[in-house]
Amino acid sequence: MATIPSSSTATGGSSSTPASDAETLRRNRILSSKLYFDVPLIKVPVIYSSSYDIAFLGLEKLHPFDSSKWGRICGFLFMDRVLDKSRIVEPVEASKDDLLVVHSESYLSSLKSSLNVSIIIEVPPVALLPNFLVQKKVLYPFRKQVGGTILAAKLAKERGWAINVGGGFHHCSGEKGSGFCAYADISLCIHYAFVRLNISRVMIIDLDAHQGNGHERDFSNDRRVYILDVYNPEIYPYDYEARRYINQKVEVVSGTSTNEYLKQLDKALEVAGRMFDPELVVYNAGTDILDGDPLGRLKVSPDGVTSRDEKVFRFAKEKNIPLVMLTSGGYMKSSARVIADSIVNLSKKCLIDLERAPR
Ligand SMILES: [Zn+2]
């Protein structure tokens, strides 16, 4: 589990242990958070803010990442008239107190160093910038996305599904950021769901090409969380310790084709459904499995991504389990179009409803 400062001011008798103090403090932080707010029914459970997008002096071009992917996904949905701008949900930025639910004070303080942030997001020139700029242009967009991931669980519980058009920072744990992931939004989302939605069984289905070592470390010994991770073992992060915490590991090597990938996924979902009975699914839907992605090194076609998403949504829907989808990694310019097309397909197959008439 992630640590919480033990010098807590949590309530509790003098006989309470530091661990229970930490748990009380975490609970209080979650209960007093502003991230869970009521969303009117006129809105669809698609969460996005224009402040998700990172565009900054051209530096964003140095990372092999389409850093305005999130806005472009929504742009396609608006342009294709699949979704009206006024009906998407704008999240609240995660505050320091919100982040402390999973992160340690020392980790959050480490982000006050531009050098540390530059290492986490893998953009060396960011080290040279004053930290207030790094906060505003890089970390603020991430904190908005974190707010979106956390809110998504509440919306999914109410509506059956929710898509955060961002988030999925699965390399970040409570103690350490890396691989473009500065905050552990998945771990945060799940802790909020435990307390605010009164649930105790969550399944993470992590289908980004990379291993989700952040949430794996955070929930290493937590039996409330079942992790299915389908990843390429030949690429970053090579986190062998975290691999031990995966409940169901499916390794797909470089060059895996669409057919082979989908066959493995069918089998994996069938097994997962027998092994665990979740009350919430958190689906990390990275598109770096796409053929041509220089980092993921798999060979899944755009239609393959659409089928993949459809299979996961069907898995949850058939069992009546609320599902949160996060867009996670996917570093090519083509990713945004593929994600938008997949969302349209989910709507066509009646797995999500973007059309519900305003009340
Ligand atoms: Zn990835």
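**A helix pair, a parallel sheet and a nonpolar core**

Helix α5 (residues 114-121) packs against helix α6 (residues 131-159) at an angle of about 30 degrees, and their axes lie 10 Å apart. Helices here are DSSP runs of H or I with at least four residues, strands are runs of E with at least two, and both are numbered from the N terminus. The axes are lines fitted to C-alpha atoms, for helices over the stretch in contact, with angles from 0 to 180 degrees between N-to-C directions. α5 and α6 are therefore roughly parallel to each other, a label for angles under 35 degrees (over 145 is roughly antiparallel, 65 to 115 roughly perpendicular, and the rest oblique).

A word on the source: this is a predicted model, in which local features need pLDDT of at least 70 and side-chain atom pairs count only at pLDDT 80 or more, while totals for chains, interfaces and linings use all residues. Residue numbers start from 1 along each chain as its sequence is written.

Which residues bring α5 and α6 together? On the α5 side they are Ser 114, Val 117 and Ile 121, and these meet Asn 131, Val 134, Val 138 and Leu 139 of α6. Contact means that two C-beta atoms, placed from the backbone, lie within 7 Å. Sorted by class, this contact has five nonpolar, two polar and no charged residues. For that sorting, Ala, Val, Leu, Ile, Met, Phe, Trp, Tyr, Cys and Pro are nonpolar, Asp, Glu, Lys and Arg are charged, and the others, Gly among them, are polar. The loop between α5 and α6 holds Pro 130, which counts as exposed because it has 9 C-beta neighbours inside 10 Å. The cut-offs are 12 or fewer other C-beta atoms within 10 Å for exposed, 20 or more for buried, and partly exposed in between, again with C-beta atoms placed from the backbone.

Next comes the sheet. It is open, has seven strands in the order β1-β2-β7-β6-β3-β4-β5, and shows parallel pairing. Its edge strands, β1 (46-47) and β5 (248-251), each pair on one side only. Strands count as paired if DSSP finds at least two bridges between them. At one edge, β1 and β2 pair over two bridges, with Val 46 partnered by Ile 163 in β2. At the other, β4 (residues 225-231) joins β5 over four bridges, and Tyr 231 has Glu 251 as its bridge partner.

Further in, β2 (residues 161-164) and β7 (residues 323-326) are joined by four bridges, and Trp 161 stands opposite Leu 323. Four bridges also link β6 to β7, where Val 281 faces that residue, Leu 323, too. On to β6 (residues 280-284): five of its five residues are buried, so this strand is largely enclosed by the rest of the structure. Leu 280, Val 282 and Asn 284 point one way from β6, and Val 281 and Tyr 283 the other way. β3 (residues 202-206) pairs with β6 over five bridges, one position being Asp 206 opposite Asn 284.

Finally, the largest nonpolar core has 104 residues, and Ala 182, Cys 189, Val 282, Tyr 283, Leu 323 and Val 324 touch the most other members. Such a core is a set of buried Ala, Val, Leu, Ile, Met, Phe, Trp, Tyr and Cys residues joined through C-beta atoms within 7 Å. Its largest share, eleven residues, comes from α6. Leaving out residues up to four places away in sequence, Ala 182 touches several residues, including Val 117, Ile 121 and Leu 139.
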